[in-house]
Amino acid sequence: MAPQRSLHPQVAHGSVVIEVEGLSKIYRVADKQPGLSGTLKHFMRRRHRDVHAVRDISFSIAPGEMVGFLGANGAGKTTTLKMLCGLIHPSAGQVVVAGHQPQKRHPDFLRRITLVMGQKQQLLWDLPPMDSLRVNAAVYGISDRDAKRRISELSDLLELGEELTRPVRKLSLGQRMKAELLAALLHQPDVLFLDEPTLGLDVNAQARVRQFLADYNQRTGATMLLTSHYMADITALCPRVLLIHQGHLFHDGPLDRLASRLAPERHVRLELDAPVGAEAFAGLGRLDSCCDCEVNLRVQPDELTAVVAQLLERFEVRDLEVNDPPIDQLIGDLFRQGSV
Amino acid sequence: MRIFGLNRKIIRVLLGTEYAHMLEYRAEIALWALSGVLPFIMLSLWNGSDARDALGMDGVGLDRYFLSAFLVRQFSVVWMIYAFEEDALTGRLSPYLLQPLHPLWRYVASHLGEQLTRLPFAAVITAIFFLIQPNAFWLPSLGHFVLAWLATWMAFSIAFLLQSLIASLCFWSEKASALERLLFIPFLFLSGLLAPLTAFPPFVRTLAQWTPFPYLIDFPARVLAEQPVNLLVGFAIQLAWIVLLLPLVLLLWRAGVRRYSAMGA
C-alpha cells in the first residue's frame, strides 16, 4: 500500500509525522455524593478529584501509516486524539504533529489535519451537505474550481450523489457519515484523526467507509490514527495498533503480536471419529470444551508440537485445526476483565 | 487578507449559508419578531399615563421613539450565550475550533442571517403600526437612516461582545447563561426599551451613561426617530465600548480555550 502521491512533500520526506513524548492529561472533576445531603455538601463545599485520563504515553507515527488506536471506553483514546489534534491542552509531555504543537492551533497546522468523530457532526443539520461543503471550501481557501473537482472526486469514492443536495436531517446514518467524511477531507489533510468513524453503521456501510479510507490512504499517502470498537475496522486497515488501557500505553506494534501478548495460548480444535471423555485430555493443555466428537483445547505455543503429536497418537482424529484466538474476542475479554 | 481567519469570500459564503439556515426557522423567527413587541406595550402604557409629560416628548414623538426602539431591538438582538453554551456543552464547538477561522465569526454570521430573516416580519409589523397610528408616519432622511443603521450595527456589536464575554465563561462554569440574567435586568431598565432615558431621575441617567446599555437601544432609536441627540458623543461612546470589550473578549477566549475539555466530543 505504497503512497502514490503526498499532499505535503515535507511530510513525506520526514520520517515522523506524529511524535508523542511523555504525554499526560489530568482532568479535574467535581466529586459529588448522591442524595440531598450530598447535594448540600457539594453546594457548601465543592470537592474535586483528579482523573488521570492519559498517563505518560510515548509513540511516533511515520507519514502514510494507518494506526489503530484500541482501548475500552474511558481508556484515554479520545482524550489522546483530542490532544493530538489540538482541541485540548496536555497536562504534561510533548506533542508534535506535522511539525506543529497542536494546542497552538496554528492555521497552517489546522489546514493539514482533520478530526472525524463518528458520534458528532460538523454538517449543518437543516441544510444539504453541499452548503456546509461550500463554507468549508471558503474557510480553507479552496478555489471554487478546486472545490468542485474535489467534491466530485470524493463523492465518487464515497458513492455520494444526490444526497449532497438533500438536507442532512433527511439522510440515513451511513449517508451522513460519508458526507461528514467528505466535509472533513475537502481540504486534503495529510493527518487524519478518526474517532469511531463507523459507529452505528450497518455492516455494508462500515465496509464502504473502510474501503474509502484505505483508498484515500493509498491515493494521498495520508497518515491515519483510527479508533474503533469494531475490530473489523482495525484488522482491515491498520497493520499497527496502539492499545491504551487505563491511560497507559499497553501495546505498540503489529496486531498479531498484540494477540500473542494478550493470549499466549494457541487454540486447538479436534474432530474425533468417536466421542471421548474430558478426562482423556488431562495434561494436554487447557480444555475449553468437549462435546460429542468436537474438542477445543488451549495449548502453550512451546508445547504445541508435542501436544499435537500426542493427540494424533492417542485418538482417532478426523480433523485438527490450530488457530490463534480471534483478536476481537481477546480484546473484548480484556475490556470486560478491566485489567491487563 | 484575513482578519482572525475571515476574508470577503468567507463573509459572502458564510452569510449566504446562515441566511439559508435561518430561513429554515422562518416560522420560529416570525414568532420571535412578534415577541419583541414590548416597546409597543410600553407605548400604550405611557400613552395612558399621566407621567407621559415627564418624558419630554409629544404623542407623535413617543410613537416614533418606541417604533424605533422596536426596530433597533429587532436588528440588535443577541442570543450568543445560549447558542455558544449549547455548542460548548455538546461538543459542537470542537469542529469549529479545528478550522482556520475564529469560531466567533460563525456566531456573528448566524446573527446577521437571522436579522435578514427578521427583516420582512419587522417591515410588516411597522406597516401595521403606521396603519393604526398614521400620524406617526415618517420617512427618515437618507443621512439619518444611514446613521441609525450604523448606530444599530454598533449596538449589535456591543451586545454581541458583552454576551461573548459572558459566553467565554462557559470554559470555566459550563452554565454561563445564568450570568446573562445579571445583564438582562439592567439592560431592560437602562437601555430605553421600557422608557426613554429621559424618564429616569437625573442620577439614574448619569449612572446609566457610564454603562453600555443606553447605547444599545435609546441612542440608535433616537437617531432613527430624528430626535435631538448628540451624535458625536453617542458614536464615540459606542466605539469606546467596542474598543474596550473586543480585546477583553479575545483575551478571555484565549484563556478559556486552554481550559476547554471538549465535553461531549
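Student: What does the secondary structure of chain A come to, in helices and strands?

Tutor: Chain A has twelve helices and 13 strands. Keep in mind as we go that this is a predicted model.

Student: Fair enough. Which domains does the assignment give for chain A?

Tutor: Domain 1 covers residues 9-260 and domain 2 covers 264-323. Taken over C-alpha atoms, the centres of domain 1 and domain 2 of chain A are separated by 44 Å.

Student: And the box that the C-alpha atoms of chain A fill, what are its dimensions?

Tutor: Roughly 75 × 60 × 45 Å along the principal axes. Of the 340 residues in chain A, 38% are buried. If you take contacts in chain A between residues at least 6 apart in sequence, 71% of them join residues at least 24 apart.

Student: Let's zoom in on strand 7 of chain A. How many of its residues are buried?

Tutor: Five of its five residues, so to speak the whole run 223-227, are buried. Thr223(A), Leu225(A) and Thr227(A) point one way from strand 7, while Met224(A) and Leu226(A) point the other way.

Student: Which strands pair with strand 7 of chain A, and in what sense?

Tutor: Strand 3 (residues 66-70) of chain A pairs with strand 7 in the parallel sense over four bridges. Strand 6 (residues 191-195) of chain A also pairs with strand 7 in the parallel sense, over five bridges.

Student: Where does Leu225(A) come into that pairing?

Tutor: Leu225(A) is the bridge partner of Val67(A), and Phe193(A) stands opposite Leu225(A) too.

Student: Nice. What do strand 6, helix 8 and strand 7 of chain A make together?

Tutor: A right-handed β-α-β unit, with helix 8 spanning residues 203-220 of chain A.

Student: Switching to strand 12 of chain A: which residues are on its covered face, and which on the uncovered one?

Tutor: Strand 12 runs over residues 294-299, and its covered face has Val295(A), Leu297(A) and Val299(A). The uncovered face has Glu294(A), Asn296(A) and Arg298(A).

Student: Is the pairing of strand 12 of chain A with strand 10 parallel or antiparallel?

Tutor: Antiparallel: strand 10 (residues 266-272) of chain A pairs with strand 12 over six bridges. In that pairing, Glu271(A) stands opposite Glu294(A). Strand 11 (residues 286-291) of chain A also runs antiparallel to strand 12, joined by five bridges. There, Leu287(A) has Leu297(A) as its bridge partner.

Student: What about the turn in the hairpin of strand 11 and strand 12 of chain A, how many residues are between the strands?

Tutor: Two residues, and in this hairpin Asp292(A) takes a positive phi near 50°.

Student: One more in chain A. His48(A), buried or exposed?

Tutor: His48(A) counts as exposed, because it has 11 C-beta neighbours inside 10 Å and the cut-off for exposed is 12 or fewer. His48(A) lies in strand 2 (residues 48-61) of chain A.

Student: What is His48(A) in contact with, leaving aside its neighbours within four places in sequence?

Tutor: Arg28(A), Val29(A), Ala30(A) and Asp31(A). As for Gly22(A), that residue is 26 residues from His48(A) in sequence and 25 Å away in space, C-alpha to C-alpha.

Student: Time for chain B. How many helices and strands does chain B have?

Tutor: Chain B has 13 helices and zero strands.

Student: What radius of gyration does chain B have, and what would a compact globule have?

Tutor: Chain B has 19 Å, and with 265 residues a compact globule would have a radius of gyration near 18 Å, which agrees. The C-alpha trace of chain B spans about 55 × 40 × 35 Å along its principal axes. Buried residues make up 40% of chain B. Among contacts in chain B between residues at least 6 apart in sequence, 79% join residues at least 24 apart.

Student: Last topic: how many residues of chain B are in contact with chain A?

Tutor: 22 residues of chain B are in contact with 23 residues of chain A. On the chain B side, the elements giving two or more residues are helix 1 (8-23) and helix 6 (93-97). Helix 1 of chain B gives the largest share, seven residues.

Student: And how does that side of chain B break down by class?

Tutor: The side of chain B that touches chain A has twelve nonpolar, seven polar and three charged residues.

Methods
Residues are numbered from 1 along each chain as its sequence is written. Chains are lettered from A and ligands numbered from 1 in the order in which they are written. This is a predicted model: local features need pLDDT of at least 70, side-chain atom pairs count only at pLDDT 80 or more; totals for chains, interfaces and linings use all residues. A residue is buried if 20 or more other C-beta atoms lie within 10 Å of its own, exposed if 12 or fewer, and partly exposed in between; C-beta atoms are placed from the backbone. Two strands pair if DSSP finds at least two bridges between them. A crossover is right-handed if, with the strands pointing away from the viewer, the path from the first strand over the helix to the second runs clockwise. The radius of gyration is taken over C-alpha atoms; the globule rule is 2.2 Å times the number of residues to the power 0.38. Two residues are in contact if their C-beta atoms, placed from the backbone, lie within 7 Å. Ala, Val, Leu, Ile, Met, Phe, Trp, Tyr, Cys and Pro count as nonpolar, Asp, Glu, Lys and Arg as charged, and the others, Gly among them, as polar. Domain bounds come from an automatic or database domain assignment.
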